[in-house]
4 protein chains.
Amino acid sequence: MAACVPAELGGMGVESLHDAILGINRLGRGDGSTAIATAMHVLYTWVLTRAWRAATAAGDAPQAERTASSLRQIGAGQMVQCSPQSEPGTDMLHPFVEATKVEAGWHLNGRKLFGTLSPAASHMMIICRVRDAQGSFRRAIASVASGSAGIDVKNNWDALGMRASGSHDIVFQDCFVPETALREDGPWGEWTEGSLSGQMAFNMALVAAFLGIAEAARDLAVLTVTRRRRGQNSRSVAERPAIRHLIAEIEIDLAAARAMLGRTATMADAFFSQHPAGRVPLGELHELMKDFQCTKWFVNHKAIEIVDRALTASGGAGYLNSNPLSRLYRDVRAGPFMQLFSPNEAFEYIGKITLGIDPRLSD
Amino acid sequence: MAACVPAELGGMGVESLHDAILGINRLGRGDGSTAIATAMHVLYTWVLTRAWRAATAAGDAPQAERTASSLRQIGAGQMVQCSPQSEPGTDMLHPFVEATKVEAGWHLNGRKLFGTLSPAASHMMIICRVRDAQGSFRRAIASVASGSAGIDVKNNWDALGMRASGSHDIVFQDCFVPETALREDGPWGEWTEGSLSGQMAFNMALVAAFLGIAEAARDLAVLTVTRRRRGQNSRSVAERPAIRHLIAEIEIDLAAARAMLGRTATMADAFFSQHPAGRVPLGELHELMKDFQCTKWFVNHKAIEIVDRALTASGGAGYLNSNPLSRLYRDVRAGPFMQLFSPNEAFEYIGKITLGIDPRLSD
Amino acid sequence: MAACVPAELGGMGVESLHDAILGINRLGRGDGSTAIATAMHVLYTWVLTRAWRAATAAGDAPQAERTASSLRQIGAGQMVQCSPQSEPGTDMLHPFVEATKVEAGWHLNGRKLFGTLSPAASHMMIICRVRDAQGSFRRAIASVASGSAGIDVKNNWDALGMRASGSHDIVFQDCFVPETALREDGPWGEWTEGSLSGQMAFNMALVAAFLGIAEAARDLAVLTVTRRRRGQNSRSVAERPAIRHLIAEIEIDLAAARAMLGRTATMADAFFSQHPAGRVPLGELHELMKDFQCTKWFVNHKAIEIVDRALTASGGAGYLNSNPLSRLYRDVRAGPFMQLFSPNEAFEYIGKITLGIDPRLSD
Amino acid sequence: MAACVPAELGGMGVESLHDAILGINRLGRGDGSTAIATAMHVLYTWVLTRAWRAATAAGDAPQAERTASSLRQIGAGQMVQCSPQSEPGTDMLHPFVEATKVEAGWHLNGRKLFGTLSPAASHMMIICRVRDAQGSFRRAIASVASGSAGIDVKNNWDALGMRASGSHDIVFQDCFVPETALREDGPWGEWTEGSLSGQMAFNMALVAAFLGIAEAARDLAVLTVTRRRRGQNSRSVAERPAIRHLIAEIEIDLAAARAMLGRTATMADAFFSQHPAGRVPLGELHELMKDFQCTKWFVNHKAIEIVDRALTASGGAGYLNSNPLSRLYRDVRAGPFMQLFSPNEAFEYIGKITLGIDPRLSD
């Protein structure tokens, strides 16, 4: 969990997005739920490290110390953070969860969905809205300790797959947030550098996890067709041209998915090392986001197809619960639902950026 | 269960394959497991009725009476039949389950997989092999009562989907089959009229069931996007072009799948009414089987895609177990595994028949 | 050309849409350009015959006689009609070609694109707009003889495929249309029974032509792989599993395309015989149009894929101009461009009708 | 044409495969025929440079001088080389063109197909077979000057696309090849380092050319939908969600295709710089070839889809010959035919390598 904490603050010093998501990818090969739950925390740390570096470079000592303190705790294994994003009936730019001013802080009210990692997290980062002096909404981010009064983790995650991810609903009812634990992040409903780059980092790790699931399915398929023998002469099914065709289709899609994710991560590393936190040009960030959205859609889509073909290659065997392919088939289908963006919105976003049209989400 | 029993023998008189599978399709809209389990019995009855009509027409009184007796029992609700086909390590033309001669009958030994309906069946129809006088294998069909000694229904069905279908393993150990309850059906490893037309009828019903699952998913998708509202202005998601695009894709695929299955069933009805049981030209039957295999592959494939798109249309909601779409997604994936044929073999068969090449399965 | 003229008026009496497009389909197997050019005239005749039957049934003698007169001319081979639809910069519901009132008639001005059959047509049916007393536009249909003053057939058709279809631009400049040769057809920009059912009939025939192209390509592919021999032992390429896989893919898609078009045409026949011209319920007509649009998109799309696979099956041979596959590849690509609708609009229309949303084209 | 000649021999010193094919890709954006014709020569130069470096490193002065001499001529613009590969009725490992021993050299007889660049080449490199002392065939490579007696360039290239590539048939009839201008290259019908790595280099450049065609189509599509206005209000078609969806699909496929080709080229550069010519481990080379075959199939396939979608985005305009999209559509379809491998064989090869099965082509 300390992978992305700088070495000087007690971590492993992984500051490349490419390398961070590679670790998540390897977890994904073993277990998808573990991978996406870990990603929630690890990529948050990556964001925090960028903030710390920027504050240090800018000579902003208080902010540098605040971020360093969190990173040291994470490095010491004392802090695990989750950051549930989705809410019923709205998108990520327009959170309905609201922080209202009370003495010395805020009261948080509302409901988050898909709170992956929530059972294990010591802290939660909650995107919400607050009213400014004019009564307009602004986006804000509140950090609360998991056991605080007014937080109810519903323990209700019961889904087709990703069953070990703990993605429960989380309900906030007058949950107190101290003054210093909430910071504003631009106008409600507008893209900001923070929301775009954070979302990209989180989601790139999720995509890496789903690619890992596909890689595991591919390995199982190759193993199965190599070992499985059928018929009177007990010949290996690998000798059947139809099986080889199927395996070739898997190889092609896997090579394409890996190439795309690798390319996007490398481009992101180049981009983010050129632009420290707080100084990222928003237009170029949208271009990068567009590229990532192409990658996200493609890799998630191909990961599903790869697992599907691995299931076909298994004969009926993979349909049984005793066979890990049946779990991979359920798990991998979660990929496209991960915001930002769902397939329904990704095409619209990609098309708009490509054609030079304002990418705001319609409400 | 008496749908395909002739009216004069106490049934509903559905002798059109088209109409029989239409009934299974409607069950499939409600529950896939129920539909495929019912299909096992109902289409067996359809086969039996054809045998009865042929025996009657040919003046073969003993055979006519045997088949009529079974049909009357089915009509009276006293007999439910399952017919497990798959076995580990071999294909349908080369069963390894073997009947060996004992006094007054046979001993059945071996294992069947995917014994759908087995918990509810009063009788089982078991495809097996026997040795003839020269020591060569021949295919045979044995009928046994479910509670007979030497039958062990393993109660081990635990799969990704179709969980209520009772598709347990069934193990036979020296299970006694009376002389009259086993009949030969041609050389082992060769297509016969009986195996081809029986398989086609069973499978056409299964395809209809999977189409029903897709139709249910489509209805859920339309309902969801019509009712679901999002954003500040609480607008229906049906107003989003991306959602309409998705729904249109579902409509196109569903129309194509329905058209194909309807056409094949109509052609099969024309074919089978022209050719009574026992007088079916094998070459033309392979042509019809080829057409059906095109339909089977296409409809199963499209059914999976339709459910997948319905899941996408649902947003994340369909991924939750509380939403029936998650069950439909697991159930519909069983379709392509249903023999005859798996996707790995169907393309080979279709290609061979089209190009005039001997369609024997390679061992 | 007299296929759809009633027998009593000197034609072949084909009044079933299914049968009419079957004829076009058979032409399409031979030559795509001939098929689509013929379709322009033949389906116009089908529309005219419906108008004649309706007028006769309604006792509207003048209209019955007008339509009968045209049909008799067509039956006698004295009239061939084309009806160019497309215009630059607008859609079919909003024609810019305009008829302005002059003494004893109208002056027609504007440009039509894709005037298929124009070099051979004796008459042209031109959809245009006129202003009513209030200055609002209404849709109208003008009939003009091809050689009239003010009509300039540009002889400029030079396209990727369908090269023999004569789909030239046609420019009208103060072309005189007599009073009786123009009739109004509802508000400009609104669907009417006439525009919807006419478009459907025309387009169904076009789809049948493109299916014919695909069928021709399939036959060439089968012939090629059966005859072609390669390698030292001069073995038929049909013995290669990859070739059989390819042929099987063609068979599946072709069966699906045929099934869909057959089903839609049969449904259309049932619908139109129930509802005579002038009494068609618009809502149900949109439902039928939606079904047809599913078929149009699917069949055109599959026809392209089938020809593409046939090209693959040919090895490099099909890429040479001496091989008819290269022409089929160019011709078949025209299908999706045929209005109504282009792929860009069809999904939107299908989605709207399915979800109960007003299907008006946005301007 | 001197791009891949080392700087010290008068060229531009491009020895990275990645960079060489990038140049071909840029030509492909302008004109596909020019790109593939150029590739024939440029990648041959790349192979030659590797041979020169290896001979120099090994201290093989005569071979170093022979290769250096050719490279110097190419550097000086005095030599342009084509290397036709295909023959009727056989594959690349089993050439039928044969060199038979005559005094002081050989006589070459047979026919090559698709002799791209042949009208402009000063020399031809001809893969053929010779008999060894035991009468067995061996593969050999003969170099002949284009104007030599016994060479007949048929000037018969007349194809769907790539019309400027000059891919004529070339017939050899007792064409004399001097002793020193023919060298053996291993057993006939077996993969060798030379045949595998040469084919890979050539083909990677061709794939880059086809990607360039797709990139040009994408740019035209974006330009078209941005500029094109329709309807009463003359709104840009880029405002239509269906158009944006289409553009997004293009962007996704293009990003995937670029990522894959970039990754494979980078891997190839790493591999070839680690293994000088003559010392390449064949097993690892097959692994790289498998990866490249995944890329070749995928990129060619996606390039076709991208051009197809660009055509859709153009409305009917791209179907006209005056629009460059119609040429791109014809050109891009040549990609999958380029040996090695055709789609029919690529899946088989990829499947075999993945499953550890001997990749020999079946005869």
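## Domains and chain contacts at a glance

In chain A, 25 residues of domain 1 are in contact with 23 residues of domain 3. Keep in mind that this is a predicted model. Below, we start inside chain A, move on to a pair of helices in chain B, and then look at how chains B and C, and chains C and D, meet.

**Inside chain A**

- Chain A splits into domain 1 (7-80), domain 2 (98-187) and domain 3 (193-354).
- Measuring from C-alpha centre to C-alpha centre, domain 1 of chain A and domain 3 of chain A are 24 Å apart.
- On the domain 1 side of their contact, two helices of chain A give two or more residues: α1 (17-30) and α2 (32-58).
- The top giver on that side is α2(A), with 13 residues.
- Sorted by class, the side of domain 1 of chain A that touches domain 3 of chain A has 16 nonpolar, 5 polar and 4 charged residues.

**Two helices packing in chain B**

- The helices α5(B) and α6(B) pack at an angle of about 155°, and their axes are 9 Å apart.
- Angles over 145 degrees count as roughly antiparallel, so that label fits α5(B) and α6(B).
- The crossing these two helices, α5(B) and α6(B), make is left-handed.
- Where α5(B) meets α6(B), the contact residues come out as 20 nonpolar, 3 polar and 6 charged.

**Where chain B meets chain C**

- Give chain B a turn of 180° with a shift of 0.0 Å along the axis, and you can lay it on chain C with an RMSD of 0.0 Å.
- The two copies are thus related as by a two-fold rotation axis.
- Want to find that axis from chain B? Look for B:A259, whose C-alpha is the nearest one in chain B, 2.7 Å from the axis.
- Both copies use the same surface here, since 100% of the contact residues of chain B recur in chain C.
- Each partner puts in its share: 30 residues come from chain B and 30 residues from chain C.
- Four helices of chain B each supply at least two residues to the side that touches chain C, namely α4 (193-227), α5 (241-274), α6 (282-313) and α8 (343-354).
- Out of these, α5(B) gives the most, with 13 residues.
- By class, the side of chain B that touches chain C has 18 nonpolar, 6 polar and 6 charged residues.

**Where chain C meets chain D**

- Chain C can also be laid on chain D by a turn of 180° and a shift of 0.0 Å along the axis, with an RMSD of 0.0 Å.
- In chain C, the residue that comes closest to the rotation axis is C:R330, with its C-alpha at 4.0 Å.
- The copies meet through the same surface, because 100% of the interface residues of chain C are also interface residues in chain D.
- This contact takes 35 residues from chain C and 36 residues from chain D.
- On the chain C side, α5 (241-274), α7 (324-332) and α8 (343-354) each supply at least two residues.
- The largest share of the chain C side comes from α8(C), with 5 residues.
- As for class, the side of chain C that touches chain D has 14 nonpolar, 14 polar and 7 charged residues.

Key. Residues are numbered from 1 along each chain as its sequence is written. Chains are lettered from A and ligands numbered from 1 in the order in which they are written. This is a predicted model: local features need pLDDT of at least 70, side-chain atom pairs count only at pLDDT 80 or more; totals for chains, interfaces and linings use all residues. Copies are superposed by least squares on the C-alpha atoms of residues with pLDDT of at least 70 in both. Two residues are in contact if their C-beta atoms, placed from the backbone, lie within 7 Å. Ala, Val, Leu, Ile, Met, Phe, Trp, Tyr, Cys and Pro count as nonpolar, Asp, Glu, Lys and Arg as charged, and the others, Gly among them, as polar. Axes are lines fitted to C-alpha atoms, for helices over the stretch in contact, and angles run from 0 to 180 degrees between N-to-C directions. Angles under 35 degrees count as roughly parallel, over 145 as roughly antiparallel, 65 to 115 as roughly perpendicular and the rest as oblique. A crossing is left-handed if the near helix is turned anticlockwise from the far one by less than a right angle, and right-handed if clockwise. Domain bounds come from an automatic or database domain assignment.
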